[in-house]
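Here are a few notes to read with the structure open beside you. Each point can be taken on its own, so feel free to jump around.

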Amino acid sequence: MPNPLNAISPIWDVLNREVKILPAIGRAIEELQHPDQEEIEDKIVNKEVNTVDSFAEETISSSNELYRETPPIYRSKRHLFRFFIDGSIRTYFLGTGIEGNRSFPIELSQVGAAVIKREDDGSLKVFKHNSKIILLLPKQGNGLSDTLWEKLNKINKPPNFEVIDFTMPDLLADTQRDPRDKAGAKARSIMHRLEIELIKSTDNYRNNNSWLILDGSVKFTEMEIWESWKKIPYVIGVAKSFKKDIIFQLRKRTTKRVDLVDILARLPYGYRTVAFNAWDGDVAFWYVRIREQ
């Protein structure tokens, strides 16, 4: 099997000729994301969701009706969820480039995503997968000159290899100040795009009896993509980390407000909350406790 990183060789040759490179000490260093990266992302993409005052299912009359039991569905029983999508990302700091009086990080990312299908007997198989190798460089400000950027773009590259300007506007990347963090956030956005492409590959297979689960939020970071297909049905997202500053007004005729911590503290094991509305009813969300406290 050929080395998938061979595509970087001609790019690296040009960089070595045109730019001084201070390599990462010892070897390429994997950039580990900060703790609760998913929570940080959820705060960014759901920043407009602050107060929740409407329900996506029958309205409750008291706080005692806030929770619903979720009995387990065993393998022999009928399952609605047939597809599962998850993405993967690894980002490596290769070194620092210096062109003229400008210095910048050089990063390499491997991003991928796969959709798994569950058959009638409960067995799993890979339905479709996709991956990319991305060299992350800055073009603007303290980054590469236009001349060098044009040279890199003229080099023939395989379909799964891209050279990306991580200073280009991006909802996730724009929240980061450190260039290395910005590059990592740009790679996460590209991973989300792969996930979106895979969701589209299941369009002809999803229906009322065949749903798709996405690992992460269904509210994507690329607003133009979100607006174009946000009403595609039969998709839910499972987020393990989420913003915790949401306030709930459970009944419209009262001024009493409850925060998320209070709701989750009383959520029993094996139960979920009722479903709430967000984003003008385009998204319904709820919380479920899958482990003992």
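1. Let's begin with T96, which belongs to strand β5, residues 81-99. Please keep in mind that this is a predicted model. T96 has a relative accessibility of 24%, so it counts as partly exposed. What lies across from it in space? The C-alpha atom of P23 is 6.4 Å from that of T96, although 73 residues separate the two along the chain.

2. A second contact of this kind involves S145. You will find S145 in the loop between β7 and α3. Its C-alpha atom is 9.3 Å from that of G100, with the two positions 45 residues apart in sequence. S145 is partly exposed, because its relative accessibility is 21% and the buried class takes in values under 20%.

3. The loop with S145 leads to α3, so do have a look at how that helix packs. Helix α1 (residues 8-18) and helix α3 (residues 146-153) have axes 10 Å apart and meet at an angle of about 155 degrees. Angles over 145 count as roughly antiparallel, and therefore α1 is roughly antiparallel to α3. The crossing of α1 past α3 is right-handed.

4. Now for the charged pairs. How many salt bridges does a search of the whole structure find? There are nine. One of interest joins R272 and E57, whose side chains come to 2.9 Å, N to O. This pair ties together distant parts of the chain, 215 residues apart: R272 sits in strand β13 (residues 271-273), while E57 is in the loop between β3 (51-52) and β4 (67-69). E57 is partly exposed, with 22% relative accessible area.

5. Another salt bridge pairs E162 with K132, and here the closest N and O atoms are 2.9 Å apart. Both partners are in strands: E162 in β8 (residues 161-165) and K132 in β7 (residues 124-137), 30 residues apart. Is each partner buried or partly exposed? K132 counts as buried, because its relative accessibility is 18% and the limit for that class is under 20%. E162, at 27%, counts as partly exposed.

6. A third pair is R266 with D262, a salt bridge in which the closest N and O atoms are 3.2 Å apart. R266 is partly exposed at 36% relative accessible area, and D262 is likewise partly exposed at 34%.

7. Y234 deserves a look at its backbone. Which sign does its phi angle have? The value is positive, near 65 degrees, in a residue other than glycine. Y234 is located in the loop between α5 (223-229) and β10 (235-238). With a relative accessible area of 26%, Y234 is partly exposed.

8. Finally, please turn to the surface around W286. Which residues make the nonpolar patch there? W286, V288 and I290 form it, and the patch covers about 300 Å². W286 itself lies in the segment after β15 (283-285). At 37% relative accessibility, W286 is classed as partly exposed. That value also explains why W286 can join a patch, because patch residues need over 30% relative accessible area.

Notes
Residues numbered from 1 in each chain as written. Predicted model: local features only at pLDDT ≥ 70, side-chain atom pairs only at ≥ 80, totals over all residues. Heavy atoms only, no water. Patch = residues over 30% accessible without salt bridge, like charges linked within 9 Å, V, L, I, M, F, W, Y side chains within 5 Å. Areas by Shrake-Rupley, 256 points an atom, 1.4 Å probe, with all protein chains shown as cover. Salt bridge = Lys/Arg side-chain N within 4 Å of Asp/Glu carboxyl O. Helix = DSSP H or I, 4+ residues; strand = E, 2+ residues; numbered from the N terminus. Buried < 20%, exposed > 50% of the residue type's maximum accessible area, 1.4 Å probe, protein only. Axes fitted to C-alpha atoms, helices over the stretch in contact; angles between N-to-C directions. Parallel < 35°, antiparallel > 145°, perpendicular 65-115°, else oblique. Left-handed = near helix turned anticlockwise from the far one by under 90°.
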